[in-house]
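Q: Please take a close look at one part of this model, the salt bridges between its side chains, and set it in the context of the chain.

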Amino acid sequence: MFKSRYRKILWFFWRVIVSEAWWDVILPKVGFRGLSNRTRISRLRRKAARFRELAIEMGGVLIKVGQFLSSRVDVLPREITSELSDLQDEVRAESFEDIRAVVEAEFGVPLNEKFVEFDPVPVASASIGQVHRARVCVTDKEGQPCPAVVVKVQRPRIREIVEADLAAITVVGGWLSRYHAVNRHVNVRRLIEEFSRTLYEEIDYLNEGKNAERFGENFAKEPNVVVPRIFWSHTTLRVLTLEDVGAIKIADYDAIEAAGIDRGAVAARLVDTYLKQVFSDGFFHADPHPGNLFVVRSDGGFRLAFVDFGMTGTLPSRTFRALREALIAVATRDSTRLVSSFELLNVLLPGADVQEIERATRRVFDDVWGKSTREVADMSMDEIRGFTEDFGDLLYQMPFQVPENLILLGRCVSILSGIATGLDPDFNVWHSIVPYAGKLMQDEEGGAEGQAFMEMNRVAATLSSLPGRIDALLTRIDQGKVEVRTPDLRASLARIDRAIRKVPGSLVFAAFLFTGTQFYLAGDIWAGVGFAAAAAVVLLWLMIRR
């Protein structure tokens, strides 16, 4: 079984790599670059769709791979990420007998000795495991009815499936790392290592239980947030038992309204909780899809419930500081400060055009600032196209790679955006960001006076450095070392130069091929074959000349 999965994954990616090498490497070298460019979007979409079909068919790690790739807008073109963006982690359920076997193997006793009730019909079924409702006892020590629980049970042989799939993906990564166009743009090996680490953490239910408790501690003073209690006596590496929150799914809009709960208030509270997770705690729930978020009705209104802590993100201190700086930059519309936060995050490599990134962020601030989700959705196609060109493609084209914890955060923000929009089409994220950024500035810099003092310090530091910088500039001018950077012009000249260099060889190839064809049609077979062979040699030379 595992060898078959291994070979099937390798065969799929081998065909994709060979196909892309033909279209993007060989054909452009022999004069068909236009054809390659015209068909690129449709080709990428077809390949992403085929991978999607394979992932749904095989389950296991491939669904996780698809979800992971859909968030990598920094290393993949949007034609692929958009096709994979709604890939759901829902697969066929395992038989109850197989689930029973896993539970009994983990605890070493029959299922009915560990749980007084265990529903054989799963509540949900995903690629790693599935969820069943149960009850661990009838009454507790005080004689009160025991609370209902949900039990997450891993699929049989899931660890072996993970190891087989990761082995195949590692081989594919080795192939891709030999391709210069890929290796120049992304560290494939590091990407696979990040994904593997995240996946192994997700199949460790003991780790998930610890994550849930840490999350609960961070929100212990927040009465409007519910975190289910972990039943450690009924939890192992492959079985996780936790309190059943029994609430309304956050995407069940009719039920939320029927309970008398304002959907806009739910969206606002959800965003506020994530602002706290990211910018105050440095630890966040990284998989906020609608199946993991619930609304609990209470006397005071409602509470938000979070479940499934298998995928969480932890921000190192440097990243934590940089993100807080980025939030303040967004709230104050300071594109220079925002780019500085990118540099602090270590995501900009030496080849990145900082001025281009700053220009793109400034345009986003100018065009989007203050708009609600509905207003952004009502923007004209020209405006949307401009954003795509300035910001979306910029992430893919620039030579930088985003760390895994930030990718998890980016994926989280993307999902949150969809949930908030569904709850309230007029939801305005700026109404949450600006006050929170102001609070951060007050906390870090001593209120308004501290902020003014810090800004004066920044100005003073800049002014004090000007004489030295001017002196250095004059020295470079005197030595003739000042260089005016014109990246667009240089790129155009380089393309023209490459095209001119190809002209003689292309003419020779065409001449040989035409002459051979004429001889062949005239009946001189050997002369025709000779000239055709010469044309083939020239073609081969053109392909490998670089």
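A: The secondary structure of the chain comes to 22 helices and 11 strands, where helices (H or I, at least four residues) and strands (E, at least two) are DSSP runs numbered from the N terminus. The model is predicted, so that local features need pLDDT of at least 70 and side-chain atom pairs count only at pLDDT 80 or more, while totals for chains, interfaces and linings use all residues. Residues are numbered from 1 along each chain as its sequence is written, and side-chain values use heavy atoms, with hydrogens and water left out.

The structure holds 17 salt bridges, each being a side-chain nitrogen of Lys or Arg within 4 Å of a carboxyl oxygen of Asp or Glu. One of them joins the side chains of K47 and E20 at 3.1 Å, N to O. Because K47 lies in helix α2 (residues 33-58) and E20 in helix α1, this pair ties together parts that are 27 residues apart in sequence. Both K47 and E20 are buried, a term for under 20% relative accessible area, with exposed meaning over 50% and partly exposed in between (1.4 Å probe, protein chains only). The same two residues belong to a network of salt bridges that links E20, D24, R43 and K47.

Elsewhere, the side chains of E257 and R263 meet in a salt bridge at 2.9 Å, N to O; E257 is partly exposed, with a relative accessible area of 45%, whereas R263 is buried at 19%. A further salt bridge, also 2.9 Å from N to O, brings together the side chains of K276 and D281, of which K276 counts as buried at 16% relative accessibility and D281 as partly exposed at 24%.
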